[in-house]
Amino acid sequence: MIDGQHEKLVSKEVFLKVNNIRAAANKYGVAHQKEIAQIPLKVFMHCPHCGEGYTGYVVKAKNLWYYKCRTKGCCANKNASKVNAQFLEFLSQYEIKEEYMSLLIDELLDSTEKINEANKQQQQEVNKSMLDVQKKIDVIEEKFFVEGVMSQETYEKLLAKYAKEKTEIAGLSRENFSGSSNLDEIITEAVTFSSKLALAWSSSDVKQKEQIQKLLFPDGVSYDMKNEAFRTTKVNLLLSLNAELAGFSEDDINKQGGMKATLSNSVGTTRFELATPCTPCKCATGLRYVPKPEN
Ligand SMILES: [Zn+2]
């Protein structure tokens, strides 16, 4: 920490206090409750009747944990270890079968190659626009510094305008994206990870469990306590592909061409973006599913 040059707006004590509160809060600015190992699905899993995230509580006498809906009228609660076991089963439905792994890896690599090609084109356009702006800057510099036919005011005004344009163009640059040389590795890891989702989840600590859940089901899952059924609206691309593969019949599997075409179609209509791999498992976070726009 370094003292600034200008007059302090708040005392060091207040600054530190606020800073500590901010550090303890999550990205929504709400203080984050401590994770509890017995109820990893808390908040992430929600009530289908009222939409609220389930909370949890413990019956200390028996040391038993429960999930519950806090909404008046829902009156829902259920033994947490039972629900966790059911979630594990739910996860295993999305696991990719070993025999499809290489097919899926090939397909993903094919499609990322296409994406990289498109990025290259976009980058070329960005470079051209950047050069155009630089030329404009050269012209005003020539007029102001060399020929002396432009006022300082005009020069500065134009320079600011072009600088802004440059920043905007730089924002369109895709260099960071296409420069990923370990894409093969990421895809292989992601597919491998998706072949053992249940194991990965059950063997992780609660923080990692939360990361995995969020990655696989970005909108969370709903759980009907009465019917003991999970439901989700949005799944990670890999999971949707796995589900699709799981739907193939023995016949389809024998007809590799048919299966590949369907898979290729699914991947082809999807956009990927590279995200930072999550630290604990370095898993499928390398690929993030970007859903197509609604219209
Ligand atoms: Zn409810």
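Lysine 164 is exposed, with a relative accessible area of 57%. Keep in mind that this is a predicted model, so the side-chain details below are read from predicted coordinates.

What does lysine 164 meet in a salt bridge? Its partner is glutamate 168, at 3.8 Å from N to O. That distance falls inside the 4 Å cut-off used for salt bridges. Both residues belong to helix H4, where they sit 4 residues apart, about one turn of the helix. Elsewhere, salt bridges that share partners link Lys78, Lys82 and Glu228 in one network. The overall count is 6 salt bridges.

Here are three of the pairs side by side.

| Salt bridge | Closest N to O distance |
|---|---|
| Aspartate 132 and lysine 128 | 3.3 Å |
| Glutamate 165 and lysine 136 | 3.6 Å |
| Lysine 164 and glutamate 168 | 3.8 Å |

Take aspartate 132 and lysine 128, another pair within one helix. They are 4 residues apart in helix H3 (residues 101-147), so about one helical turn separates them. How accessible are the two partners? Aspartate 132 is partly exposed, with 32% relative accessibility, while lysine 128 counts as exposed at 54%.

The glutamate 165 and lysine 136 bridge, with its closest N and O atoms 3.6 Å apart, goes between helices. Glutamate 165 lies in helix H4 (residues 152-172) and lysine 136 in helix H3, so this pair ties together parts that are 29 residues apart in sequence. For its part, lysine 136 is partly exposed, with a relative accessible area of 36%.

Now for the sheet. It is an open one made of 3 strands, in the order E2-E3-E4, with antiparallel pairing. Which strands stand at the edges? Those are E2 (55-59) and E4 (77-79); each has a single partner strand, so one side of each is left without a neighbour in the sheet. On average, neighbouring strands are turned by 30 degrees against each other, ignoring direction.

Looking at the E2 and E3 pairing in detail, 5 bridges join E2 to strand E3 (residues 64-68), and the two run antiparallel. Among the partners across this pairing, valine 58 has tryptophan 65 in E3 as its bridge partner. Helix H2 (residues 80-92) packs on the sheet and touches E3 and E4; the direction of H2 makes about 80 degrees with that of E4. As for the connection, E2 and E3 form a hairpin with 4 residues between them. In that turn, asparagine 63 has a positive phi of about 55 degrees.

One more surface feature, this time without charges. Which residues form the nonpolar patch on the surface? They are Leu9, Val10, Val14, Phe15, Leu16 and Val18, and together they have about 550 Å² of accessible area. One of them, valine 14, is found in helix H1 (residues 12-24). With 42% relative accessibility, valine 14 counts as partly exposed.

Note on methods. Residues numbered from 1 in each chain as written. Predicted model: local features only at pLDDT ≥ 70, side-chain atom pairs only at ≥ 80, totals over all residues. Heavy atoms only, no water. Salt bridge = Lys/Arg side-chain N within 4 Å of Asp/Glu carboxyl O. Buried < 20%, exposed > 50% of the residue type's maximum accessible area, 1.4 Å probe, protein only. Pairing = 2+ DSSP bridges. Axes fitted to C-alpha atoms, helices over the stretch in contact; angles between N-to-C directions. Contact = heavy atoms within 4.5 Å. Patch = residues over 30% accessible without salt bridge, like charges linked within 9 Å, V, L, I, M, F, W, Y side chains within 5 Å. Areas by Shrake-Rupley, 256 points an atom, 1.4 Å probe, with all protein chains shown as cover.
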